[in-house]
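User: I'm in my first year and still learning to read protein structures. Could you take a close look at one part of this one with me, and show how that part sits in the whole?

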Amino acid sequence: MTPLLMIPGPIEVSEAVARAVSGPPPGHVSPQVIEAFGCALENMRRVWLARPDAQPFVVPGSGTLAMEMAVTNLLDPGQRALVVNTGYFSDRMGEMLARRGVEVTHLRAAPGGAPSVSDVEIAIGSAADERKPFHAMFATHVDTSTGVRVDARALIQAARVHEVLTVFDGVCATAGERFEMASWGAGVYLTASQKAIGLPPGLALMVVSQRALEARRRLRTKPPMSVDMLEWLPIMQAYEARRPSYFSTPATNLIMGLDITLKEILAMSRDEDLAMATRVRLHELAAEAFRASWEAMGLRMVPAAGLEANTLSAVRYPEGVDATLIGKVREQGVIIAGGLHPAIKDQYFRVGHMGHVLTHPDDLVRTVNAVEAGLIACGLSIERGVARRAFIDAFG
Ligand SMILES: *Cc1c(COP(=O)(O)O)cnc(C)c1O
């Protein structure tokens, strides 16, 4: 049997998506790419729950490239940014900002925690009082290294009191966690194709508010050309108007798949609010069922109570078990991931539960069974079947 890929990205994709991205590469001016690209841009606004005037960007690249694009398009060297730091990917954002010459302030928490909203309010407020206001606030919606989700809505609210532009790294969250770009008033919400969006790796995706685009227009130091929003803007506008245009070759196969996956995400209802609420609820239910299963096996989570993401579980190894568990789970036909946060790397494993696989409960049960069998193979005494029972009781 082909192993089941249950890491926090890349993830399993639907058969329709797999079909759409395979096959001979279509040209970037072919009618099918033009139509798929145009539809995908329109549907991104709906999945992001963004305003009609918000601008989607689809650029060949990774999540890291999407982060770089946000950093270099919004801030000039010498400007100030606040990083709400929840782990590995927030550190990366901070490093990118520093390389851009931005003055970075980190608000950090211990691994598994998140800075409190009131600490963020205080940091933003006192910077404003000292007449050294932050130009932008950066946060990781779900930090994939710890499985922690921040309260994006509250953070945006705190930032907006002082009109601070907000950027959320949604690479492990977008289309799996609630995010209302328009009603919350976010500046940029970015992701990559291989996570909850449900495609193979290769696309950097983001939706940008008009205010954030204004920040790009006002820059004195232009961003690198390949990630310049003003280079890509006319291309996005052309494809949305169903005209081809060229700046740098789009990843045409992936764009065919993007059109399909966004339509699958929105298929639940013609009303995007309802479609997205249903989609997020499914992620929530699955996450709760996975947690019930970990608990039934006596395992503890990395994130503090209440901060657990819906898109992945970061779970501590029990006493006497280490990373050899991952190989044992692999022998059961399921691929899970090791730790990523440098401070606790050897102390936990990660299981992704996002996207298409959630419509296959058998695969989810197969995953908890495999972890249970792996733990037993590692010498832990667990009653066989507890993980599965707990999962099914919770998931229904
Ligand atoms: C995966 C991930 C990234 C990096 O994406 P790449 O495509 O690997 O560059 C950035 N941020 C978060 C939160 C992620 O989960």
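Analyst: Let's look closely at one small sheet, after a quick view of the whole chain and before a few other spots worth finding.

Please keep in mind that this is a predicted model. The chain holds 14 helices and 14 strands. A compact globule of 396 residues would have a radius of gyration near 21 Å, and the chain agrees with that because its own value is 21 Å. Along the principal axes, the C-alpha atoms fill a box of roughly 60 × 55 × 35 Å. Of the 396 residues, 57% count as buried. Another helpful number is about contacts: among those with a separation of 6 or more, 70% join residues that are 24 or more positions apart. The accessible surface is about 15900 Å², and carbon and sulfur atoms account for 51% of that surface. As for charge, there are 39 positive and 42 negative side chains, and the centres of these two sets lie 4 Å apart.

Now to the sheet itself. Strands of a sheet pair through backbone hydrogen bonds, either parallel or antiparallel. Here, 3 strands make an open sheet, in the order β11-β14-β13, with antiparallel pairing. The edges are β11 (312-316) and β13 (337-338); each has a single partner strand, so one side of each is left without a neighbour in the sheet.

The strand β14 deserves your attention. On one side, β14 pairs with β11 in the antiparallel sense over 5 bridges. You can find one of the matched positions by looking for V315, whose bridge partner in β14 is F349. With β13, strand β14 (residues 348-352) pairs over 2 bridges, again in the antiparallel sense. There, G338 stands opposite F349, while A337 stands opposite R350. Try tracing F349 on your screen: V315 is its bridge partner, and G338 stands opposite F349 too.

How well is β14 covered? Of its 5 residues, 5 are buried. Both faces are covered, with Y348, R350 and G352 buried on one side and F349 and V351 buried on the other.

From the sheet we can step across to another strand. V142 lies in strand β6 (residues 142-143). Its relative accessibility is 1%, so V142 counts as buried. Beyond its neighbours within four places in sequence, V142 is in contact with V148, R149, D169, C172, A173, E177, A309, T311 and L312. Notice L312 in that list: the range of β11 is 312-316, which gives you a link back to the sheet. V142 and F89 are 53 residues apart along the chain, and their C-alpha atoms are separated by 9.3 Å.

Next, a helix. An α-helix has 3.6 residues a turn, so residues three or four places apart point the same way. In helix α6 (residues 152-161), the buried residues are A152, A154, L155, I156, A158 and A159. These buried residues pack against several elements: β3 (80-85), α5 (117-129), β5 (136-140), β8 (165-169) and α7 (181-184). Just after α6 comes E163, with a positive phi of about 55°.

That phi value leads to some backbone details. Most residues other than glycine have a negative phi, and most peptide bonds are trans. L49 is not a glycine, yet its phi is positive, at about 50°. You will find L49 in the loop between α2 (31-47) and β2 (55-60). Because its relative accessibility is 11%, L49 counts as buried.

R131 also has a positive phi, near 60°, and is a residue other than glycine. R131 sits in the loop between α5 and β5. With a relative accessible area of 73%, R131 is exposed, whereas L49 is buried. So a positive phi turns up here in a buried residue, L49, and in an exposed one, R131.

The last spot is a peptide bond. From G9 to P10 the bond is cis, with omega near -5°. P10 belongs to the loop between β1 (4-5) and α1 (15-21).

If you want one picture to keep, choose the sheet: the order is β11-β14-β13, and β14 has both faces covered.

Notes: Residues numbered from 1 in each chain as written. Predicted model: local features only at pLDDT ≥ 70, side-chain atom pairs only at ≥ 80, totals over all residues. Heavy atoms only, no water. Helix = DSSP H or I, 4+ residues; strand = E, 2+ residues; numbered from the N terminus. Rg over C-alpha atoms; globule rule 2.2 N^0.38 Å. Buried < 20%, exposed > 50% of the residue type's maximum accessible area, 1.4 Å probe, protein only. Contact = heavy atoms within 4.5 Å. Areas by Shrake-Rupley, 256 points an atom, 1.4 Å probe, with all protein chains shown as cover. Lys, Arg positive; Asp, Glu negative; His and termini not counted. Charge placed at Lys NZ, Arg CZ, Asp CG, Glu CD. Pairing = 2+ DSSP bridges.
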